[in-house]
Amino acid sequence: MLRKVTKVEAKTPKIVCTFGTGEVVEYDLSDVLASNGSVALPLREPDYFGLVFLESGTPTWPNGMCVCPDEIFMHGTPLRVTEAS
């Protein structure tokens, strides 16, 4: 199932994503931030991490780093269900 995030909030090192279904999931990026990958390095700065935005329902950063919504949904921590808009 292809899921789309409708809202994303940065809480370094986590993002909180609201899906079109109304489900809210927190996803921890600590492992990514600890890696030596060049795409992940800027995300270590809290101000840069906070620049996360949605591109076609996918959390994305200005340098092109993105996280698949299905990955977030399947491996994140469910927080709550809100009424879908």
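Contact here means heavy atoms within 4.5 Å. The model shown in these views is predicted.

**View 1. Ile72 and the residues it touches.** Leaving aside residues up to four places away in sequence, Ile72 touches Ile15, Cys17 and Phe19. Val25, Tyr27, Pro59 and Val67 are also touched by Ile72.

**View 2. The hairpin of strand 1 and strand 2.** Strand 1 covers residues 5-11. Strand 2 covers residues 14-19. The two strands run antiparallel, joined by 6 bridges. In the hairpin they form, 2 residues lie between them. Look for Ala10: opposite it, in strand 2, stands Ile15.

**View 3. The hairpin of strand 2 and strand 3.** Strand 3 takes in residues 23-28. Strand 2 pairs with strand 3 over 5 bridges, again in the antiparallel sense. One bridge partner to find is Val24 in strand 3, which pairs with Thr18. This hairpin has 3 residues between its strands. Gly22 sits in the turn and has a positive phi of about 95 degrees.

**View 4. Strand 2 under cover.** Strand 2 is mostly covered. Of its 6 residues, 5 are buried.

**View 5. The largest nonpolar core.** This core holds 16 residues. The members that touch the most other members are Ile15, Cys17, Leu29, Phe49, Trp61, Val67 and Ile72. At least two residues of the core come from each of strand 1, strand 2 and strand 3. Strand 2 gives the largest share, 3 residues.

Methods:
Residues are numbered from 1 along each chain as its sequence is written. This is a predicted model: local features need pLDDT of at least 70, side-chain atom pairs count only at pLDDT 80 or more; totals for chains, interfaces and linings use all residues. Side-chain values use heavy atoms; hydrogens and water are left out. Buried means under 20% relative accessible area, exposed over 50%, partly exposed in between (1.4 Å probe, protein chains only). Helices (H or I, at least four residues) and strands (E, at least two) are DSSP runs, numbered from the N terminus. Two strands pair if DSSP finds at least two bridges between them. A nonpolar core is a set of buried Ala, Val, Leu, Ile, Met, Phe, Trp, Tyr and Cys residues joined through side-chain atoms within 4.5 Å.
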